[in-house]
Amino acid sequence: MKIEGTGIEESVLDLKPLDHAMENANFVRAGQWDYERVTYDYKIGSQEKNITYYVRVQGYALEGDVDRGDAVIKLLTPIIGKHYYPHGIEYGEEENFPESVLQRADQLLEKASSNIKQFNKQ
């Protein structure tokens, strides 16, 4: 499910400040990148059996290379997904998310957005 109106979508940043901004908001990039794209995740635990939620911020390189660390990244609209163990993550609009999870996602994205605004090139 897309999370609209966060102020993150369409932001353009150099990769290193973006990594710093997202890390300070507790999002993890880890190995989730290739030469042209990045993905930052935040894992939200659940009381539900075998269910975990993920808030995801994705972006793609307008120029440069993620592997070299010199990319300029344009961010997309954040999404939230539900991981069904062992099947994988579903991001569909038809998924149901508890209100507490959606509120937590909004808080996380508000912090990320605030951090990103410091470095946004647009």
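**Figure 1. Surroundings of phenylalanine 27 in the predicted model.** In this predicted model, phenylalanine 27 touches Met22, Tyr40, Asp41, Tyr42, Val55, Val57, Leu108, Leu109 and Ala112, when residues up to four places away in sequence are not counted. Phe27 is also one of the three residues, together with Val55 and Ile73, that touch the most other members of the largest nonpolar core, a set of 30 residues. The elements that give two or more residues to this core are H1, strand S2 (37-44), strand S3 (51-63), strand S4 (72-75) and H2. Among these elements, H2 gives the most, with six residues.

**Figure 2. Packing of helix H1 against helix H2.** Two packed helices are described by the angle between their axes and by the distance between those axes. Here, helix H1 (residues 15-24) and helix H2 (residues 99-117) pack at an angle of about 150°, and their axes are 8 Å apart. Because angles over 145 degrees count as roughly antiparallel, H1 is described as roughly antiparallel to H2. The crossing of the two helices, H1 and H2, is right-handed. On the H1 side the contact is made by Leu18, Ala21, Met22 and Asn24, and on the H2 side by Lys111, Ala112, Asn115 and Ile116. Sorted by class, the contact of H1 with H2 has five nonpolar residues, two polar residues and one charged residue.

**Figure 3. Proline 17 in helix H1 and its separation from asparagine 120.** Proline 17 is found in helix H1, and it counts as partly exposed because its relative accessibility is 23%, where the buried class is reserved for values under 20%. Although proline 17 and asparagine 120 are 103 residues apart along the chain, their C-alpha atoms are separated by 9.2 Å.

**Figure 4. Two residues with positive phi, glutamate 10 and asparagine 26.** Most residues other than glycine have a negative phi. Glutamate 10, which is not a glycine, nevertheless has a positive phi of about 75°, and this residue is found in the segment before strand S1 (12-14). With a relative accessibility of 44%, glutamate 10 counts as partly exposed. Asparagine 26 likewise has a positive phi, near 70°, in a residue other than glycine, and its place is the loop between H1 and S2. The relative accessible area of asparagine 26 is 49%, so this residue is partly exposed, the exposed class being kept for values over 50%.

**Figure 5. Asparagine 50 and its contacts across the sequence.** Asparagine 50 is found in the loop between S2 and S3, where its relative accessibility of 42% makes it partly exposed. Leaving aside neighbours within four places in sequence, asparagine 50 is in contact with His83, Tyr84 and Tyr85. For one of these partners, tyrosine 84, the C-alpha to C-alpha separation from asparagine 50 is 6.2 Å, while the two residues are 34 residues apart in sequence.

**Figure 6. Leucine 102 in helix H2, with its contacts and a separation from tryptophan 33.** Leucine 102 has its place in helix H2, and it touches Met1, Ile80 and Phe97, not counting residues up to four places away in sequence. The C-alpha atoms of leucine 102 and tryptophan 33 are separated by 25 Å, and these two residues lie 69 residues apart along the chain.

Technical notes: Residues are numbered from 1 along each chain as its sequence is written. This is a predicted model: local features need pLDDT of at least 70, side-chain atom pairs count only at pLDDT 80 or more; totals for chains, interfaces and linings use all residues. Side-chain values use heavy atoms; hydrogens and water are left out. Axes are lines fitted to C-alpha atoms, for helices over the stretch in contact, and angles run from 0 to 180 degrees between N-to-C directions. Helices (H or I, at least four residues) and strands (E, at least two) are DSSP runs, numbered from the N terminus. Angles under 35 degrees count as roughly parallel, over 145 as roughly antiparallel, 65 to 115 as roughly perpendicular and the rest as oblique. A crossing is left-handed if the near helix is turned anticlockwise from the far one by less than a right angle, and right-handed if clockwise. Contact means heavy atoms within 4.5 Å. Ala, Val, Leu, Ile, Met, Phe, Trp, Tyr, Cys and Pro count as nonpolar, Asp, Glu, Lys and Arg as charged, and the others, Gly among them, as polar. A nonpolar core is a set of buried Ala, Val, Leu, Ile, Met, Phe, Trp, Tyr and Cys residues joined through side-chain atoms within 4.5 Å. Buried means under 20% relative accessible area, exposed over 50%, partly exposed in between (1.4 Å probe, protein chains only).
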